[in-house]
Amino acid sequence: MKFIAIIPARYASTRFPAKPLALLGGKTIVQHVYEKVSAVIPDTFVATDDERILQAVEDFGGKAVITSAQHRSGTDRCEEAAAKCGITAEVVINIQGDEPFIHSSQLESIMACFDDPETDIATLVMPFDRKADFETLHNPNSPKVVIGNDDRALYFSRSVIPYIRGVDEREWLKTHSYYKHIGLYAYRRQVLKQITALPTGTLERAESLEQLRWLEAGYRIKVGYTDIETIGIDTPEDLKRAEAFVRSLKGCAVN
């Protein structure tokens, strides 16, 4: 099975303008992501709306394509990039451009989901720490996933699901395995084309989670599992934490 990887990278960001070009350990964030991903998936492309990012990628020897600045999500940007890159593949993997510590095992886990011929879309989940406090589980910025016995996602929510009846909520993590959603996606090529043509769904509108549009339309989302907590960079403060992490590696390069 042939895979291509697309890394959406926008220049404009309300919380962190020019984020892909910010330096981390002497390299831009987008270069860290690209090098991690291309080591596993040779056909890797950055999809950007800005010539400065395109030039930066080409300067370090990477591949990039210019896409529209009007896309509503990284998924839509992936569709345009996949159509433009000139590579024929069965599966497109969407890797967020602000995950410089993405691990090869996470990519391999999501790729393995397509060993199941009925998989339309795949994503990653990670178990919540059973020792975490309820506030961590309750955080609406950390979407939860309910998973069926066949490792397919049944629902995603910013609320805590499932509700454990008759048990104090502060004991829920000790009595049930909860999973957080990791924002890494992969789609069969034709499915990507189809889902980007869908109108916004009622569930998506309610929770502001685009994957609910796909579930509501009947697409099957297979989950892969990871136990690796990565450091995503959404703000300058996140970048400072990432720099501290790099320093903690005692001079080891972020490869």
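Me: In which sense do S1 and S6 pair, parallel or antiparallel?
Reply: Two strands pair if DSSP finds at least two bridges between them. Strands are DSSP runs of E, at least two residues long, and helices are runs of H or I, at least four long, numbered from the N terminus. Here S1 and S6 are parallel, over 4 bridges. One register point is Ala5, whose bridge partner in S6 is Ile93.
This is a predicted model, where local features need pLDDT of at least 70, side-chain atom pairs count only at pLDDT 80 or more, and totals for chains, interfaces and linings use all residues. Residues are numbered from 1 along each chain as its sequence is written, and side-chain values use heavy atoms, without hydrogens and water.

Me: How many bridges join S6 to S10?
Reply: There are 4, and these two strands run antiparallel. Asn94 pairs with Tyr185 of S10.

Me: Which residues of S6 are buried on each side?
Reply: In a regular strand, side chains alternate between the two faces of the sheet. Buried means under 20% relative accessible area (1.4 Å probe, protein chains only). In S6, Val91 and Ile93 are buried on one side. Val92 and Asn94 are buried on the other.

Me: What is Ile93 in contact with, beyond its sequence neighbours?
Reply: Contact means heavy atoms within 4.5 Å. Setting aside neighbours within four places in sequence, Ile93 touches Phe3, Ile4, Ala5, Ile6, Ile41, Ile110, Met111, Leu184, Tyr185 and Ala186.

Me: Which members of the largest nonpolar core touch the most others?
Reply: A nonpolar core is a set of buried Ala, Val, Leu, Ile, Met, Phe, Trp, Tyr and Cys residues joined through side-chain atoms within 4.5 Å. This one has 38 residues, and Leu24, Val37, Val46, Ile93, Ile95, Ile110 and Leu184 touch the most other members. Elements supplying at least two residues include S1, S6, S10 and helix H4 (104-112). H1 gives the largest share, 5 residues. A separate core of 29 residues includes Ile4, Ala47, Ala81 and Val191.

Me: How many residues of H1 are buried?
Reply: H1 spans residues 29-38, and 8 of its 10 residues are buried. Among them are Ile29, Val30, Val33 and Val37. Polar and charged names appear too, including Gln31 and Lys36.

Me: Which residues lie nearest the centre of the largest pocket?
Reply: Rolling a water-sized probe over the atoms shows where empty space is left. For this pocket, Arg15, Gln96, Asp98, Gly183 and Asp234 lie nearest the centre, out of 47 lining residues. Strand S10 gives the most to that lining, 6 residues. On a 1 Å grid over protein atoms alone, a pocket is an open set of points where a 1.4 Å probe fits, with protein on both sides within 12 Å along at least five of seven lines; lining residues have an atom within 4 Å of a point.

Methods:
Buried < 20%, exposed > 50% of the residue type's maximum accessible area, 1.4 Å probe, protein only.
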